[in-house]
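Trainee: I would like to go through this model one question at a time. Please give the reasoning before the result.

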Amino acid sequence: MSAHPWMPVSPCGDGCVDRSTPTVGGFRAFLRGFAALVVLLSGALVVCAVLVLRGGARQSLLRGWFRALLRAFGARLRVVGPVFQATPGRGVLVVSNHVSWLDELAIDATQPIRLVAKRDIRDWPVLGRLITAARTVYLDRERLSLLPGTVAELAAALRGGAAVGIHAEGTTWCGVASGRYRPALFQAALDAGVPVRPVVLRYLQEGASSTRPAFVGSDTLLDSVSRVLRARRLVVEVHVLDEVAPGRAADRRELAAIVQRESERVAHGDLVVPVRREHSVLGAPSRVPPAGRPR
């Protein structure tokens, strides 16, 4: 049951996760898990370092750590498009879809930004501390009375020149199906007068869309982590689209609708953007392939 009628709910459940996709053997999955644990434990040192580092050094350390963690889990990162924050020092609201706990790792491995996340993440071992150290804003979805304060906090961060990321659907979907972009947090961009940067996250195995990393239904975090560790040739694509200027929308609902339309162009294969070669694992710039269909 939802805590209130406006609580985001996804119809994606256990049946949406395709467990027939290619997997690696148990020993290789164990090695991945061990490597991920080592990187996670090293996060304690990273937490200490980010408290004293500033600017580019801090960003580089966090980005490198999140990339290492992604790789330890067996996932490769492919970034398609420009950086999140085109103009340093000018705030930008980065808006993405939401599929998996891997989303945060992929976003911060691309460019560490301030993220809005559900408050449960704060209590995750080690990783929760790292995400908190990245100045994450925690959202209590069950208490609508706190939402105006969260919007005000985001608007202040955006006015201060920060890049802030939100998952527009409000909850996780399988990655093939997707939900309506909720307009509430878009108000922060309007209040701050900053652009919105649409981002689309896609998960592929052997070139086809994969729902294996999805964190949906009755999944526990351990269940989802185990599936990811067994996935063969998992690629996380981060599609960074053109900014949506603040003057294009009259209100937050129109702004959310514009950003969702821009994001859906990736699924329809209508978008041609260059691959950032430093993160590419699949080669030269190309037309974005259409997303796969549910199995």
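Trainee: Is Arg230 buried, partly exposed or exposed?

Mentor: This is a predicted model, so the answer is a value computed from predicted coordinates. Arg230 belongs to helix 7, residues 221–230. Buried means under 20% relative accessible area and exposed means over 50%. Because its relative accessibility is 35%, Arg230 is partly exposed.

Trainee: How far apart are the C-alpha atoms of Arg230 and Val24?

Mentor: Along the chain, Arg230 and Val24 are 206 residues apart. In space, the separation of their C-alpha atoms is 5.3 Å.

Trainee: How are helix 1 and helix 2 oriented relative to one another?

Mentor: Helix 1 covers residues 26–50, and helix 2 covers residues 55–72. Their axes come within 8 Å and cross at roughly 165°. Angles over 145 degrees count as roughly antiparallel, so helix 1 is, relative to helix 2, roughly antiparallel.

Trainee: What is the orientation of helix 2 relative to helix 3?

Mentor: The axes of helix 2 and helix 3 are 7 Å apart, and the packing angle is about 135°. That angle makes helix 2, relative to helix 3, oblique.

Trainee: What is the handedness of the crossing of helix 2 and helix 3?

Mentor: The crossing of helix 1 and helix 2 is left-handed. For helix 2 and helix 3, the crossing is likewise left-handed.

Trainee: How many residues of helix 3 are buried?

Mentor: Helix 3 runs over residues 102–110 and is mostly covered. Its buried residues include the charged-name entries Asp103, Glu104 and Asp108, along with Leu102 and Ile107. The count of buried residues in helix 3 is nine of nine.

Trainee: Which residues make the nonpolar surface patch of about 560 Å²?

Mentor: One member, Phe34, lies in helix 1. The patch is made by Phe27, Phe30, Leu31, Phe34 and Val38.

Trainee: Which residues are linked with Glu237 in a network of salt bridges?

Mentor: Glu237 meets Arg78 in a salt bridge at 2.8 Å, N to O; Arg78 is in strand 1 and Glu237 in strand 8, 159 residues apart. Glu237 also meets Arg202 at 3.5 Å, N to O, and because Arg202 lies in strand 6, this pair ties together parts 35 residues apart in sequence. The residues linked with Glu237 in the network are Arg78 and Arg202.

Trainee: Why does Arg78 count as buried, and what is its relative accessible area?

Mentor: The limit for buried is under 20% relative accessible area. Its salt-bridge partner Glu237 counts as buried because its relative accessibility is 1%. Arg78 is buried because its relative accessible area is 7%.

Trainee: Which residue meets Arg90 in a salt bridge?

Mentor: Arg90 is in the loop between strand 1 and strand 2, and its partner is in the loop between strand 8 and helix 8, 153 residues away. Arg90 is partly exposed because its relative accessibility is 32%. The N to O distance is 2.7 Å, and the partner is Glu243.

Trainee: What is the phi of Arg233?

Mentor: Most residues other than glycine have a negative phi. Arg233 lies in the loop between helix 7 and strand 8, and counts as exposed because its relative accessibility is 55%. Arg233 is not a glycine, yet its phi is positive, at about 50°.

Terms used
Residues are numbered from 1 along each chain as its sequence is written. This is a predicted model: local features need pLDDT of at least 70, side-chain atom pairs count only at pLDDT 80 or more; totals for chains, interfaces and linings use all residues. Side-chain values use heavy atoms; hydrogens and water are left out. Buried means under 20% relative accessible area, exposed over 50%, partly exposed in between (1.4 Å probe, protein chains only). Helices (H or I, at least four residues) and strands (E, at least two) are DSSP runs, numbered from the N terminus. Patches are made of residues with over 30% relative accessible area and no salt bridge: like charges are joined within 9 Å, nonpolar side chains (Val, Leu, Ile, Met, Phe, Trp, Tyr) within 5 Å. Accessible areas come from the Shrake-Rupley method with a 1.4 Å probe; for residues, only the protein chains shown count as cover. A salt bridge is a side-chain nitrogen of Lys or Arg within 4 Å of a carboxyl oxygen of Asp or Glu. Axes are lines fitted to C-alpha atoms, for helices over the stretch in contact, and angles run from 0 to 180 degrees between N-to-C directions. Angles under 35 degrees count as roughly parallel, over 145 as roughly antiparallel, 65 to 115 as roughly perpendicular and the rest as oblique. A crossing is left-handed if the near helix is turned anticlockwise from the far one by less than a right angle, and right-handed if clockwise.
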